[in-house]
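Q: I am a first-year student and would like a close look at a single part of this structure. Please go through it step by step, and then place it in the rest of the chain.

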Amino acid sequence: MKIRRRRFAAGTAALSTALIAAPFVRGAHAAGKLSMGFWDHWVPGANGATEKLVKEWAEKEKVEVQIDFITSQGNKLLLTGAAESQAKSGHDILALSTWLPSRYSELLAPVNDVMDDLIKANGKVNATVEYLGNIKGKWIAVPATVGSQIKGPCSRIDYMKQYAGIDVQAMYPAGAPPKADDWTFDAFLKAAEACHKGGHPFGIGLGTTADNVDTAGAIFHGFGAELVDDKGNITVKSDAVRQALDFYKKLMAFLPPDVPAWDDASNNKFLVSGQASMIMNPPSAWAVAKRDAPKVAEQCWTHGFAKGPKGRFAPFTPYFWGIWSFSKNVPAAKSLLRHLSQASSAEKMVEASGGYDLPSFENLTKFKVWAEAEPPKGTLFHYPDPYHHQILAAAGAPAPHSIGERIYTQATQTQMAVRYFRGEAMEKTLAWAESELEGYMRN
């Protein structure tokens with residue numbers, strides 16, 4: 001078995017000399033070769049669990065495997081997918097982030113048989129995985145444990161209690177169902193105001209990168225505010241969208257003034273520095289605080305998002321494992337993905353990531369790592385939404401994928417919120433967004 005961590009250069013030419021084309025395999029369990037490109041995990045040692053699981057499968061099935069761990073920094077994993085799709089050559093299996101399965105749907109081998117078995121064994125997948133991974137009844141990728149995450153609230157226990165009068169541990173008790181009926185958008189806004197007055201505001205960005213966009217998506221969904229519906233109709237000029245923008249205008253008055261310029265590192269730094277009462281993120285910021293600012297980590301509690309008029313939504317960003325249709329070893333690739341998606345395999349990956357990684361199946365949300373994580377004990381218990389208390393959603397949904405991806409990558413929702421907060425008239429903001437959406441459709 002060959003295992004490599006690779007930093008791929010952009011372009012098909014650079015990739016062509018580095019990738020192995022797998023030979024034809026006569027059946028799922030015949031000897032042969034299989035190559036895969038996995039996301040290079042940011043958690044030290046987390047790749048090791050994946051390597052071990054692949055090795056277990058390879059030894060049993062007598063398959064020679066090559067693993068490349070490809071960094072997402074500098075969009076290298078993204079560029080690898082683009083290059084391989086154009087060259088129709090490369091890895092048999094490739095990690096694909098949120099929107100990429102739909103982008104490459106015509107080039108991915110269907111995996112309905114794999115998903116039918118996994119859903120039977122592990123329970124249903126969440127709505128976001130269904131939206132992004134199942135195109136017109138055809139599963140085109142398998143949701144990956146590695147890299148998938150909920151970007152929900154991580155609150156300071158002390159600040160929320162002191163300034164907002166909210167006991168987040170009582171609201172989301174470790175080992176027990178949420179007691180969060182009163183945790184609404186109104187309560188969220190009041191808490192943001194109180195923490196702002198206390199000198200420790202919420203750290204919620206309004207920039208154009210993923211963390212900012214994911215939060216905006218959850219807030220818009222909470223109002224039932226769709227920019228484009230599932231049939232491709234532009235619906236931005238709706239009362240629901242107006243309500244979402246009014247909410248954001250009130251919220252932004254209680255946030256740090258520079259949040260329109262925040263990137264994905266900003267909220268992490270704001271929490272670790274001890275300034276934030278709350279951020280929206282997976283356990284990455286808590287993990288850094290645990291290492292660099294343990295007194296901050298001791299006060300962190302990850303929990304569910306507030307409920308809007310149309311429901312309680314949480315931002316979910318999945319990774320997928322896709323099998324290229326031009327792979328010469330599709331049966332073996334499917335066999336490996338079944339192995340990696342078993343409950344026992346998923347738990348090993350979650351443990352290796354310190355609880356960061358998140359399976360997408362409803363029966364795989366109560367692993368002991370989340371209950372036992374500390375400090376404080378139980379701080380991550382509600383991170384995987386073990387009681388299915390929320391609707392996991394993606395910003396840009398339910399628009400057709402090509403449009404939803406543009407809404408997401410162009411940060412249309414956060415840009416709308418910033419424009420309106422800065423004094424632009426509501427109808428002018430909506431007209432701007434409508435023009436942008438029309439442009440996405442033309443392109």
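A: In this predicted model, helices H7 and H9 are roughly perpendicular to each other, because an angle from 65 to 115 degrees counts as such. The angle between them is about 95°, and their axes are 8 Å apart. Helix H7 covers residues 157-164, and helix H9 covers residues 185-197.

Which residues of H7 and H9 make the contact? On the H7 side they are Tyr159, Met160, Tyr163 and Ala164. On the H9 side they are Ala191, Ala194 and Cys195. The numbers within each helix can be read against a rule for helices. An α-helix has 3.6 residues a turn, so residues three or four places apart point the same way. Sorted by class, the contact of H7 with H9 has 7 nonpolar residues, with no polar and no charged ones.

Now the chain around this pair. The chain has 20 helices and 13 strands. Its radius of gyration is 22 Å, close to the 22 Å that the globule rule gives for 443 residues, so the chain is as compact as a globular protein of that length. Taken along the principal axes, the C-alpha atoms fill a box of roughly 65 × 50 × 40 Å. Of the 443 residues, 59% count as buried. Among contacts with a separation of 6 or more, 78% are between residues 24 or more positions apart. The accessible surface comes to about 17,300 Å², and carbon and sulfur atoms account for 50% of that surface.

Two serines in helices serve as examples of buried residues. Ser102 lies in helix H4, residues 100-103. Its relative accessible area is 13%, and buried means under 20%, so Ser102 counts as buried. Leaving aside neighbours within four places in sequence, Ser102 is in contact with Leu132, Ile135, Ile140 and His401. Ser335 is found in helix H15, residues 330-340. With a relative accessibility of 11%, Ser335 is buried by the same cut-off of 20%. Ser335 is 274 residues from Glu61 in sequence, but their C-alpha atoms are 9.2 Å apart in space.

His401, one of the contacts of Ser102, leads to helix H18. H18 spans residues 401-409, and its buried residues are His401, Ile403, Gly404, Glu405, Ile407 and Tyr408. The backbone on either side of H18 has its own details. Just after the helix, Ala411 takes a positive phi of about 55°. In the loop between E13 and H18 is Pro398, which is joined to Ala397 by a cis peptide bond with omega of about 5°. Another cis peptide bond runs from Pro375 to Pro376, with omega near -20°. Pro376 is in the loop between helix H17 (368-372) and strand E13 (391-393).

Other loops hold further residues with a positive phi. Lys62 has a phi of about 60° although it is not a glycine. Its place is the loop between helix H2 (46-61) and strand E3 (63-70). Is Lys62 buried or exposed? With a relative accessible area of 61%, which is over the 50% cut-off, Lys62 is exposed. Lys88 is also not a glycine, and its phi is positive, near 50°. Lys88 sits in the loop between helix H3 (76-87) and strand E4 (93-97). Its relative accessibility is 48%, so Lys88 counts as partly exposed.

A last loop residue is Asp263, in the loop between helix H11 (239-252) and helix H12 (266-272). At 37% relative accessibility, Asp263 is partly exposed. Which residues does Asp263 touch, not counting those up to four places away in sequence? They are Thr209 and Asn212. Thr209 is 54 residues from Asp263 along the chain, and the C-alpha atoms of the two are separated by 5.6 Å.

To return to the starting point, H7 and H9 pack at an angle of about 95°, and the residues in their contact comprise 7 nonpolar, no polar and no charged ones.

Key. Residues are numbered from 1 along each chain as its sequence is written. This is a predicted model: local features need pLDDT of at least 70, side-chain atom pairs count only at pLDDT 80 or more; totals for chains, interfaces and linings use all residues. Side-chain values use heavy atoms; hydrogens and water are left out. Axes are lines fitted to C-alpha atoms, for helices over the stretch in contact, and angles run from 0 to 180 degrees between N-to-C directions. Helices (H or I, at least four residues) and strands (E, at least two) are DSSP runs, numbered from the N terminus. Angles under 35 degrees count as roughly parallel, over 145 as roughly antiparallel, 65 to 115 as roughly perpendicular and the rest as oblique. Contact means heavy atoms within 4.5 Å. Ala, Val, Leu, Ile, Met, Phe, Trp, Tyr, Cys and Pro count as nonpolar, Asp, Glu, Lys and Arg as charged, and the others, Gly among them, as polar. The radius of gyration is taken over C-alpha atoms; the globule rule is 2.2 Å times the number of residues to the power 0.38. Buried means under 20% relative accessible area, exposed over 50%, partly exposed in between (1.4 Å probe, protein chains only). Accessible areas come from the Shrake-Rupley method with a 1.4 Å probe; for residues, only the protein chains shown count as cover.
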